[in-house]
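Please open the model in your viewer and keep the selection panel at hand, since each stop of this tour begins with something to select.

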Amino acid sequence: MEFCDLKYQYSLYKDEILKRIDEVLNKTSFINGHEVKLLEQKISVFLDNDTEAIGCSSGTDALLVALMALGVKPGDEVIVPNYTFIATAEVVSLLNAVPVFCDVDPSTFLINVDMIENCITKKTVGIIPVSLFGQCADFDEIGKIADKYDLWIIEDGAQSFGASYKGRKSCALSSVATTSFFPAKPLGCYGDGGAIFSKDSMITGRIRSIINHGQSKRYIHTSIGINGRLDTLQAAVLLVKLDHFTYEIELRKKVAELYTKYLNSLVSTPTILPYNSSVWAQYTIKHILRDEIQASLNEVGIPTSIHYPIPLNSQEAFYYLPSKDLSFPASEKVSKEVLSLPMHPFVEEKNIEKIACVIRGIV
Ligand SMILES: *Cc1c(COP(=O)(O)O)cnc(C)c1O
């Protein structure tokens with residue numbers, strides 16, 4: 001059994017993918033090729049027709065560039081959930097700004113909106129809510145806080161591209177949003193890739209310049225930027241996968257429903273808020289016997305993963321921050337109990353039954 005079955009997915013789309021790749025190779029348009037533009041247009045239509053999509057080199061670079069485009073300076077404070085992948089906070093530190101960790105809701109794993117105001121100081125400039133495991137954070141409520149204190153919001157949608165919130169698509173919900181096309185994400189390419197989103201043409205103009213060395217024209221550099229472009233080959237792969245994505249999301253939902261049916265009497269199954277439609281980047285259960293469950297599944301060849309074993313404030317990289325000694329009860333508890341099960345569009349019911357059977361033997 002595979003945790004994320006990319007081999008089977010490739011077997012389904014192989015002819016289309018090879019054709020697209022062959023076209024790029026023949027044109028040798030490896031940088032800023034036609035496929036990148038086309039992908040950006042198709043993604044914009046997929047979202048809402050109104051949000052501009054800009055391909056970039058990874059989900060991490062997407063966050064970095066978003067912060068640069070918003071003018072984040074050394075010493076600025078940015079509120080991030082304490083329970084997420086490190087990239088969300090790492091980029092804040094890279095710019096010598098200060099990640100301020102906010103605890104999460106233990107049932108949804110999303111930033112605890114009621115705790116955000118306690119994190120705000122005179123130095124706060126913005127909030128990066130993460131739409132973790134495939135479901136969106138509560139952007140209407142976070143938006144009210146942002147408006148009250150004049151803060152920007154970047155949605156870290158690395159795991160939620162394809163999800164929706166109150167009928168609107170993830171990555172079209174905030175002033176700026178980012179996603180990742182890392183192979184194992186719901187929409188993944190064959191290497192690193194990502195995208196940045198905004199409806200504000202001032203911001204998207206800056207973003208396009210920053211990902212291309214702060215260039216305004218060829219060899220004319222008006223700001224400090226990075227090499228943060230999306231490869232044409234990755235865009236070619238994504239064009240094929242995007243065509244099948246809506247169908248894959250439906251399959252992911254069916255897999256999640258089956259998991260919940262088989263597991264909800266045994267362990268704590270994911271809580272999806274009523275206004276959310278998750279894209280199921282992960283199917284993450286919680287149980288105090290997490291380590292025993294993981295070991296037993298491993299024994300019978302079922303791969304699992306712990307997203308995430310250590311809250312960010314307790315990561316050595318962030319020991320330099322005062323949050324090292326603060327307490328984040330929900331992040332601490334959740335990180336000891338979570339276990340992500342195999343999740344991709346093609347998980348078979350018989351394997352879900354097998355997983356349920358192993359778990360039943362323990363709990
Ligand atoms: C994967 C991920 C990222 C980083 O994306 P990369 O493409 O791997 O750089 C950022 N934030 C979250 C929440 C992620 O899951």
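Begin with the loop between α4 and β3 (98-102), and within that loop select Asn96. This is a predicted model, and in it Asn96 has a positive phi of about 60 degrees although Asn96 is not a glycine. Most residues other than glycine have a negative phi.

Next, select the loop between α9 (290-299) and α10 (329-337), where Tyr308 is found. The peptide bond that joins His307 and Tyr308 is cis, with an omega of about 10 degrees. Most peptide bonds are trans.

Now select the ligand, together with the residues around it. There are 15 residues around the ligand, and those that come nearest are Gly59, Thr60, Gln159, Ser180 and Lys185. Which classes of residue make up this shell? It has 5 nonpolar, 8 polar and 2 charged residues.

For the contacts themselves, show the side chains of Gln159 and Lys185 and the backbone of Gly59. A polar backbone atom of Gly59 is 2.7 Å from an oxygen atom of the ligand. For Gln159, a polar side-chain atom lies 2.7 Å from an oxygen atom of the ligand, and a polar side-chain atom of Lys185 likewise lies 2.7 Å from a ligand oxygen atom. If you then turn on the surface, consider that the ligand on its own has 380 Å² of accessible area, of which the protein covers 92%. To see which elements contribute to the shell around the ligand, select α3 (59-69) and α4 (87-94), the elements that give two or more residues to it.

Hide the ligand next and look at the space it takes, which is the largest pocket. About 510 Å³ of space lies in this pocket. Its lining consists of 30 residues, and if you select Phe85, Gln159, Ser180, Phe182 and Lys185, you have the ones closest to the centre of the pocket. Colouring by class will show a lining with 15 nonpolar, 11 polar and 4 charged residues.

As a last selection, display α3, α4 and β8 (176-180), the elements that give two or more residues to the lining of the largest pocket. Which element gives the largest share of that lining? It is α3, from which 3 residues come. While α3 and α4 are still selected, bring the ligand back into view, because these elements also give two or more residues to the shell around the ligand.

Definitions and conventions:
Residues numbered from 1 in each chain as written. Predicted model: local features only at pLDDT ≥ 70, side-chain atom pairs only at ≥ 80, totals over all residues. Heavy atoms only, no water. Near = heavy atom within 4 Å. Polar contact = N/O pair within 3.5 Å; in protein donor to acceptor, adjacent residues only side chain to side chain. Areas by Shrake-Rupley, 256 points an atom, 1.4 Å probe, with all protein chains shown as cover. 1 Å grid on protein atoms, 1.4 Å probe; cavity = no way out; pocket = protein on both sides within 12 Å on 5 of 7 lines; lining within 4 Å. Sits in = over half its atoms within 2 Å of the grid points. Helix = DSSP H or I, 4+ residues; strand = E, 2+ residues; numbered from the N terminus. Nonpolar A, V, L, I, M, F, W, Y, C, P; charged D, E, K, R; others polar. Points joined across faces, edges and corners; volume = space filled by probe spheres on them.
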